[in-house]
Amino acid sequence: MLARGHRLGAEALLALTFASLVVFIIAISADLITVRLRGTEVATTLPMAIVAAWRDGAPFVAVLATLTAVVAPLAFIVLRLMVLLPLMRGRQPDSMGVYLRLLHESERWNTVSVLGVGALLSLVRLADLAQASVGPGLIALGTLAVLLAAIESAGLGHLWPAQEVR
């Protein structure tokens with residue numbers, strides 16, 4: 001997990017991580033899809049879709065979507081910041097081992113890319129029934145998926161000196 005993919009410096013990784021935080025906020029707060037049918041227009045955000053799933057009798061889906069599309073990506077971003085900010089100051093975070101284990105788990109539960117594909121498929125299916133359009137939240141979700149993939153592939157291990165094995 002720590003030393004794979006391309007090798008970006010701490011500054012570049014920090015910039016990508018801050019960018020992903022901004023894009024995450026946009027993805028959560030902006031409209032994903034707008035549907036127009038017979039003069040009525042309905043737009044939905046990710047939190048609105050989760051609440052609708054809960055109200056429609058699918059609490060398991062709502063909780064799972066919250067964990068995998070909101071909590072895990074946000075945890076991944078925040079944990080990366082908690083690791084990178086001290087590294088930028090030339091020191092290792094106090095709880096590095098805990099942060100790295102939590103980062104690994106948040107990576108495994110992060111399904112932003114799956115959510116984006118699902119939203120696009122829904123958009124295509126809705127296009128047969130009504131006029132549907134992509135919202136800025138869906139574009140942000142796609143951008144977030146790319147940013148998170150770049151961050152994950154960069155690793156972290158190259159940012160501190162290797163320990164001598166005796």
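These legends go with several views of a predicted model.

**View 1. The whole chain, with six helices and three strands.** Walk along the sequence and you get the pattern α-β-β-α-α-α-α-β-α. Of the 166 residues in the protein, 36% are buried. Among contacts with a separation of 6 or more, 75% link residues 24 or more positions apart. About 9600 Å² is exposed, and carbon and sulfur atoms supply 65% of that.

**View 2. Helix H1, residues 10-29, from end to end.** Here's a quick sanity check on the helix: at 1.5 Å a residue, its 20 residues should span 28 Å, and the end C-alpha atoms sit 29 Å apart, so the two values agree.

**View 3. The buried residues of H1.** Starting at Ala 10, the list goes on with Leu 13, Leu 14, Thr 17 and Ser 20, then Val 23, Phe 24, Ala 27 and Ile 28. An α-helix has 3.6 residues a turn, so residues three or four places apart point the same way. What do the buried residues of H1 pack against? Their partners are helix H2 (46-55), helix H3 (59-88) and helix H6 (136-154).

**View 4. Where H1 crosses H3.** The two axes come within 10 Å and cross at roughly 150°. That is over the 145 degree cut-off, so H1 and H3 count as roughly antiparallel to each other. As for handedness, the H1 and H3 crossing is left-handed.

**View 5. Residues that meet between H1 and H3.** On the H1 side, look for Leu 14, Phe 18, Leu 21 and Phe 24, among others. The H3 side includes Val 70, Pro 73, Ile 77, Arg 80 and Met 88.

Definitions and conventions
Residues are numbered from 1 along each chain as its sequence is written. This is a predicted model: local features need pLDDT of at least 70, side-chain atom pairs count only at pLDDT 80 or more; totals for chains, interfaces and linings use all residues. Side-chain values use heavy atoms; hydrogens and water are left out. Helices (H or I, at least four residues) and strands (E, at least two) are DSSP runs, numbered from the N terminus. Buried means under 20% relative accessible area, exposed over 50%, partly exposed in between (1.4 Å probe, protein chains only). Contact means heavy atoms within 4.5 Å. Accessible areas come from the Shrake-Rupley method with a 1.4 Å probe; for residues, only the protein chains shown count as cover. The expected span of a helix is 1.5 Å times one less than its number of residues. Axes are lines fitted to C-alpha atoms, for helices over the stretch in contact, and angles run from 0 to 180 degrees between N-to-C directions. Angles under 35 degrees count as roughly parallel, over 145 as roughly antiparallel, 65 to 115 as roughly perpendicular and the rest as oblique. A crossing is left-handed if the near helix is turned anticlockwise from the far one by less than a right angle, and right-handed if clockwise.
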